[in-house]
Amino acid sequence: MVASVVGLVPDVVSAGLLVVTSDSRVVWANRALFALVTGGAMVHEQSATPDPTGLGVLVQATAGFDDMVAARLAVAEAGLPLVGVVPDGEPCEARWQAPDGTTRWLEIRCRALAAGDTGRDRTVGTGGYVLYEIVDNTARHNEEDVAQLRQRWLRHVETIARTGIWEWDLVTNEVEWSDELLAMFGYPTDTYLDYDTYRSLMHPDDVSRIEGVLERAIAEVSPFEFTHRMYLADRVTECVLECHGDVLTDHAGTPIRIMGTAHDVTELIRVRRELIHLTTHDPLTGLRNRQAMTALLSERIAGIADIADIEPVERMTGIAIASNGMAPNGMARAGMAPKAPAQAGTLLLVDVDDFKDVNDMRGHAVGDAVMGALAQLLAKTLPGAVLGRLGGDEFAVVLESDNGPDGLGVANALCEKVARHTIIVDGVTIRITVSVGVVSLSSATDSDMALARAHLALYEAKDAGRGCARLFTPERYEHVARRISMVQRVRDALDGGLMALDAQPVVDLSSRQVQGYELLLRLRDGRQPDLAPAEFMGALADSDLMLSLDRWVLAQAVAALASATARRERLRLHMNISGQSVADPEFGQFVLSALRAARVDPSQLGLEIPESVAVTSLDAARHLAETLTDAGCRFTLDDFGASVGSFVYLRNLPFTNVKIDGDFLRHVDTSPADTVLVDAVVRVARCLGMYTIAEKVDREPLALALRDLGVDYAQGFLTGRPRPLTDLLAEGSDVDPETREVSLNGFLG
């Protein structure tokens, strides 16, 4: 009988075969089972070992086994999971730990054999045998585990990414939604959601557009994408979905199915809106910023100019257009709907009187609170106006009417209301007054002229005693002429080589060693009266001449750094740049080109921009700072502390230094409150990897207090007064050592 078994189950069978007696003694196993039990060891052909039971040659010696007894023992001790396997029953799958420690999944079935008979119905008894067939399904089982794991990861990724999958059967018109997508919609995962229900959840304004996209995709058998709004299951909460998909066809090219994804971009849209809002609005007050207000003024003035350009055409054709937009014959003007005449409006320039005293006496935090309260008062008092903050304590208001006298009346009423209004900050009552400059926008040709004229009227209101308003009139062109004259004087000095640079040392507060110099622009044209930098620089604030001045200063600085003295002493220079240069997209490359041409190490040059410029031109400032600091230049945020509300911007700009405003720290050695504020600046800067510089340090106790707070550097009359840059370079010029070539880290290519 056993001989017949041997013939039926030869050793070439890939499944493991095992014959045991009715009392579970191993009598035979094939090579595949030995390979499974021994961890894959191959069976070597050797001489047969006789079976003492007389069942025939059933076991051949394997590698590491000397006789049949040892081989049977190896199979018996392998702990194969045979318990529970019913003869001639359904196969069982069992988990088994192999002798080598690995976990295997086995599929086992068996049949009963009686001595001398192979019938299936014979009951196993004395002398009977059981034949087990053992198949190693570990690989398949692992593949199933991997597939299930991938499904779980896919669902997890869908959850994290707020993305779901949907499928639309175009033949049956049934839509299937992934569990994650149903959960995103606010439905249980077993909800049946047909297209009509989904359509009712779409925002009504988006339905026709979405269905148009889908119809085109089906007609053209092309991929598609769209973004739409929809309501969740509660029919109240609104979300925004970004959908992508493709159309599938049958073998004949007929569209039969659409498969797509839906990504919840509600939060992304909200963040984008907030970022757009930040670029156009003042962070402290929430009003439009200078950039947005200037754009508005330009649009208003340009609109009036466009209407003015139409009048000559009307005169040439002899057709008069009535105020209702109709020609005398009742025909509407071609391409133009009837409307009331457009008005540019009236600009009110609102400035807080003596606001510096509020900051000095109460601190900048209180000053910020006052600015916020004034913004709220303006919005409440002038609900129909467009409001903006131009910077500092200066606000802009645009009224719809362009009647100047009416605007003056509104401005005077505003001055009175602000004077009567009380602002309470931390239990302290503060009263302020404002001065207002008024100008009709129809009298200006561009936004610069409108702002200049409003400033002239504002200056007159200040001269008149503050707390009042003044309307711009042509007689005030004299002030404009003086400003233009000042700008021309600077232009002539620049062209004639009469501009100069002074250098003021920047000193390490710990070692008291000079670490570098700040360059200060000077006008030395010999004309009277002499102009202080604040006078002529203020006149240039809105002039393109600032771009030329910045490039001139840069050229002088690079030339100085290329000198033998600067190379020997490893001189470091800092220069200030204007808001116009920050906004100039080519300025960064201009700086790097100048450094390359002169073979100057970028780390020897530092640039400084005022905090007000960084805040109002955030993206431009970040781009310029990244361009220059990546090359090795130092970049300093100047006048930091002018607004405590700007702390948040410090972490978003890649500055290397922070220069603390002199007014912010002047009382650090005597005022605990100022000490706390400066300590906060130092800690924030240090956490961001930035150095701190104190300006206007004019006495030793102040320097010591700043040093104890951890301020790194200082400049001011205590550490050194400004002197001509030429004098600084002349020191040691009698010595002409061989110029060293500094390492530029590949900057020069």
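Author: Buried means under 20% relative accessible area, exposed means over 50%, and partly exposed lies in between. Keep that in hand for this predicted model.

Reader: Is Val271 buried, exposed or partly exposed?

Author: Val271 has 31% relative accessibility, so it counts as partly exposed. This residue sits in helix 8, residues 266-280.

Reader: Which residues make a nonpolar surface patch with Val271?

Author: Leu275 and Leu278 join Val271 there. The patch covers about 230 Å².

Reader: Now helix 16. What should its 17 residues span, and what do the end C-alpha atoms give?

Author: Count 1.5 Å a residue. Helix 16, residues 545-561, should then span 24 Å. Its end C-alpha atoms are 24 Å apart, so the two agree.

Reader: Which residues of helix 16 are buried?

Author: Use the under 20% cut-off again. Buried residues include Leu545, Met546, Leu549, Trp552, Val553 and Leu554. Asp550 is also among them.

Reader: On to the sheet. What is the strand order in the open sheet of five strands?

Author: Read it as 2-1-5-4-3, with antiparallel pairing. Strand 2 (26-29) and strand 3 (92-97) stand at the edges. Each has a single partner strand, so one side of each is left without a neighbour in the sheet. On average, neighbouring strands are turned by 30 degrees against each other, direction ignored.

Reader: How many bridges join strand 4 to strand 5?

Author: Eight. Strand 4 covers residues 103-113 and strand 5 covers residues 129-136; they run antiparallel.

Reader: Which residue in strand 5 stands opposite Leu113?

Author: Tyr129.

Key: Residues numbered from 1 in each chain as written. Predicted model: local features only at pLDDT ≥ 70, side-chain atom pairs only at ≥ 80, totals over all residues. Heavy atoms only, no water. Helix = DSSP H or I, 4+ residues; strand = E, 2+ residues; numbered from the N terminus. Expected span 1.5 Å × (residues − 1). Buried < 20%, exposed > 50% of the residue type's maximum accessible area, 1.4 Å probe, protein only. Patch = residues over 30% accessible without salt bridge, like charges linked within 9 Å, V, L, I, M, F, W, Y side chains within 5 Å. Areas by Shrake-Rupley, 256 points an atom, 1.4 Å probe, with all protein chains shown as cover. Salt bridge = Lys/Arg side-chain N within 4 Å of Asp/Glu carboxyl O. Pairing = 2+ DSSP bridges. Axes fitted to C-alpha atoms, helices over the stretch in contact; angles between N-to-C directions.
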